[in-house]
Amino acid sequence: MATGFTQYFLQNYVFPQFKGAGATAPVSLILELTSTVPDASGVATVLTSGVAPGYAPLTIDCTPAEWEFIGSRTLANKNIKLFPKATTGSWPSIQGWQIKDDNSNILVFGHIGNGRIIDQTQRFKILPQGLKIRIPDVQKYVTDAFCNLVLGIFQGTNVPALGSFQIDFGTQDPTTSGSIGKLTGAGYAPLIVAANTTEMNDPALRSITNKIEFDHTRLWTTTEDIESVVSAELSVAGTAWLRGLFTTPISLKANDNARIPASALVIRG
């Protein structure tokens with residue numbers, strides 16, 4: 001089953017911490033089945049008892065008793081999940097699923113590799129670890145630590161509000177192990193960004209950006225030439241979370257300093 005997170009989930013559960021708000025995890029989740037493959041935003045045709053006799057969604061608590069980690073980047077159902085039996089007729093072919101919070105907002109969705117029609121008296125069953133919420137294995141850009149934080153929401157773990165986060169700069173594309181070739185020496189110092197609404201914008205379409213320019217008063221002055229600064233790493237309390245590449249590399253001469261215009265630092269989901 002492929003997985004996607006909705007804009008609502010990112011903007012209400014993940015991005016707020018970067019402006020100092022944090023988020024409270026849902027108490028329970030609603031699992032719905034769909035007769036069409038969810039689109040890129042998670043929208044699909046949800047089954048109803050009118051077209052799928054006997055159908056009803058499942059409620060799953062947000063607890064470690066219901067959801068378990070398979071590694072640091074995948075969360076799966078811990079127990080078997082049984083939907084009600086098809087009663088007076090068969091159900092349309094099941095093509096996907098949605099998970100909603102307890103206010104019916106879609107958080108995450110996925111498609112089912114082989115659609116399945118549920119005949120009368122049969123029921124749709126999900127075996128343990130059959131439903132997976134997964135963050136792609138792109139460690140060089142998104143770390144296990146950040147994935148653990150995001151997926152922990154489905155276990156009922158609240159997202160803490162940040163006081164600040166650190167941006168380091170590097171001279172290479174992140175390697176598979178996550179190294180960006182961090183700058184050292186030559187007067188270099190990382191950028192410290194306050195997680196508040198003065199420095200960070202309200203979340204936009206699947207992203208959050210810096211609200212103000214970070215200029216020479218916040219960024220280092222190099223004491224030697226630096227041929228090319230191409231990447232950055234975001235960390236919290238010494239733990240790396242996210243990495244990315246610059247759209248255009250920066251070259252600095254001795255006594256120069258960098259600047260990051262407003263909206264140039266983008267954290268995107």
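Is Tyr13 buried or exposed? In this predicted model, Tyr13 has a relative accessible area of 8% and is therefore buried, since buried means under 20% relative accessible area. Tyr8, by contrast, is partly exposed, because its relative accessible area comes to 31%.

These two tyrosines lead into the aromatic contacts of the model, for the structure holds 13 aromatic pairs. In one of them, the rings of Tyr8 and Tyr13 have their centres 6.5 Å apart, and with their planes at 65 degrees the pair is edge-to-face, the class given to planes over 60 degrees apart. Phe9 and Phe154 form an aromatic pair that is stacked, with 5.4 Å from centre to centre and 25 degrees between the planes. Because Phe9 belongs to helix α1 (residues 7-14) while Phe154 sits in the loop between α2 (144-152) and β11 (164-170), this pair ties together parts that are 145 residues apart in sequence. Both Phe9 and Phe154 are buried. Ring pairs also join the residues named so far to Phe5, so that Phe5, Tyr8, Phe9, Tyr13 and Phe154 are linked into a cluster.

From the aromatic cluster the reader may turn to the surface. There Ile80, Leu82 and Leu127 form a nonpolar patch, which together offers about 260 Å² of accessible area. Ile80 is found in the loop between β5 (74-77) and β6 (81-82), and its relative accessibility of 41% is why Ile80 counts as partly exposed; that value also satisfies the requirement of over 30% relative accessible area for residues that make up a patch.

Note on methods. Residues numbered from 1 in each chain as written. Predicted model: local features only at pLDDT ≥ 70, side-chain atom pairs only at ≥ 80, totals over all residues. Heavy atoms only, no water. Patch = residues over 30% accessible without salt bridge, like charges linked within 9 Å, V, L, I, M, F, W, Y side chains within 5 Å. Areas by Shrake-Rupley, 256 points an atom, 1.4 Å probe, with all protein chains shown as cover. Salt bridge = Lys/Arg side-chain N within 4 Å of Asp/Glu carboxyl O. Helix = DSSP H or I, 4+ residues; strand = E, 2+ residues; numbered from the N terminus. Buried < 20%, exposed > 50% of the residue type's maximum accessible area, 1.4 Å probe, protein only. Phe/Tyr/Trp six-rings, centres within 6.5 Å; stacked < 30°, edge-to-face > 60°.
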